[in-house]
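Good morning. Please have a look at the model on the screen while I talk you through it.

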Amino acid sequence: MTHALPHWQAVCRDLATRHADNDGAHDLAHLQRVWQSASQLLHSYPQADALVVMAACYLHDLVNLPKNHPERHLASRQAAALASQALAAAGFPADKLAAVSHAIEAHSFSAAITPQTLEAQIVQDADRLDALGAVGLARLFYTAGKMDSQLAHSDDPQAQQRPLDDRRYALDHITVKLATLPATMQTEAGRALGEQRLAWIMQFRATFLAEWGSKQP
């Protein structure tokens with residue numbers, strides 16, 4: 001059966017590989033982790049269409065613009081259009097293309113599109129889960145390095161006497177964005193996993209601050 005999930009997973013993986021760039025935070029390994037997290041969420045929501053979720057997980061970053069790119073908020077729409085075209089050409093079930101497209105469009109934090117389907121909710125949660133935990137922390141500092149950010153403010157790493165600035169200081173990104181992610185999760189299962197992963201990051205932050213020479217408030 002050509003519409004079986006393993007067949008389309010191979011097709012989507014191939015499409016993603018052909019469009020991959022050198023961004024280590026959004027590479028094929030990221031896509032596979034997002035699908036792994038989504039698969040975990042699907043256990044809690046068996047009524048969701050796994051084929052739609054899988055395709056969106058693998059193809060959501062077909063267009064990946066840097067975080068400081070002025071059109072980053074448009075990347076998910078561009079990725080959705082490219083994915084729809086590529087999937088249609090490959091013979092993907094036509095009645096599922098719109099659902100895949102919406103899930104890709106809605107996954108993006110910067111696009112601020114509210115997911116309207118359970119499948120889109122799962123994809124958005126799975127993508128945000130990869131920004132948390134140990135891998136999420138590694139991705140944070142990898143991206144900060146590419147953007148020439150400093151690890152933390154030398155004298156005020158906790159931003160007690162200055163505005164938070166996660167463009168200049170990597171540690172600020174934990175407070176500015178990562179700490180907010182669990183509350184934005186669309187599913188209860190995603191929120192529970194997000195809180196677990198954020199707790200690990202906050203433990204890291206406390207250790208980092210102790211080694212940096214700053215006292216906790």
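I will start with the whole chain, then take two pairs of helices, one helix by itself, and two loop residues.

First, a caution: this is a predicted model.

The protein chain has ten helices and zero strands. Read from the N terminus, the order is simply α-α-α-α-α-α-α-α-α-α. Along the principal axes, the C-alpha atoms fill a box of roughly 60 × 35 × 25 Å. What radius of gyration would a compact globule of 217 residues have? The expected value is near 17 Å, and the protein chain has 18 Å, which agrees.

Two more figures for the chain as a whole. Of its 217 residues, 49% count as buried. Then take the contacts in the chain with a separation of 6 or more: residues 24 or more positions apart account for 65% of them.

Now the helix pairs. Two packed helices are described by the angle between their axes and by the distance between those axes.

The first pair is α2, residues 28–42, and α3, residues 50–59. Their axes are 8 Å apart, and the packing angle is about 155°. Are they roughly parallel or roughly antiparallel? Angles over 145 degrees count as roughly antiparallel, and α2 and α3 are therefore roughly antiparallel to each other. Their crossing is right-handed.

Which residues meet here? From α2 there are L28, L31, Q32, V34, W35, A38 and L42, and across from them in α3 are A50, V53, M54, C57 and Y58. Sorted by class, this contact of α2 with α3 has eleven nonpolar residues, one polar and no charged.

If you want to see how such residues fall along a helix, recall that an α-helix has 3.6 residues a turn, so residues three or four places apart point the same way.

The second pair is α5, residues 97–106, and α6, residues 118–129. Their axes come within 8 Å and cross at roughly 35°. This crossing, too, is right-handed. On the α5 side the contact is made by H102, A103 and A106, and on the α6 side by A120, V123 and Q124. The contact of α5 with α6 divides into four nonpolar, two polar and no charged residues.

Let me stay with α5. How many of its ten residues are buried? Seven are, so α5 is largely enclosed by the rest of the structure. The buried ones are L97, V100, S101, H102, A103, I104 and A106. What do they pack against? The answer is α3, α4, which covers 75–90, and α6. So α3 turns up twice in this talk: it packs with α2, and the buried residues of α5 pack against it.

Last, the two loop residues. D148 sits in the loop between α7, 133–146, and α8, 172–176. This residue has a positive phi of about 60°, although it is not a glycine. A159 lies in the loop between α7 and α8 as well. Its phi is also positive, about 55°, and A159 is not a glycine either.

Are these two buried or exposed? D148 has 68% relative accessibility and counts as exposed. A159 has a relative accessible area of 15% and is buried. The cut-offs behind those words are under 20% for buried and over 50% for exposed.

That is the end of my part.

Methods:
Residues are numbered from 1 along each chain as its sequence is written. This is a predicted model: local features need pLDDT of at least 70, side-chain atom pairs count only at pLDDT 80 or more; totals for chains, interfaces and linings use all residues. Side-chain values use heavy atoms; hydrogens and water are left out. Axes are lines fitted to C-alpha atoms, for helices over the stretch in contact, and angles run from 0 to 180 degrees between N-to-C directions. Helices (H or I, at least four residues) and strands (E, at least two) are DSSP runs, numbered from the N terminus. Angles under 35 degrees count as roughly parallel, over 145 as roughly antiparallel, 65 to 115 as roughly perpendicular and the rest as oblique. A crossing is left-handed if the near helix is turned anticlockwise from the far one by less than a right angle, and right-handed if clockwise. Contact means heavy atoms within 4.5 Å. Ala, Val, Leu, Ile, Met, Phe, Trp, Tyr, Cys and Pro count as nonpolar, Asp, Glu, Lys and Arg as charged, and the others, Gly among them, as polar. The radius of gyration is taken over C-alpha atoms; the globule rule is 2.2 Å times the number of residues to the power 0.38. Buried means under 20% relative accessible area, exposed over 50%, partly exposed in between (1.4 Å probe, protein chains only).
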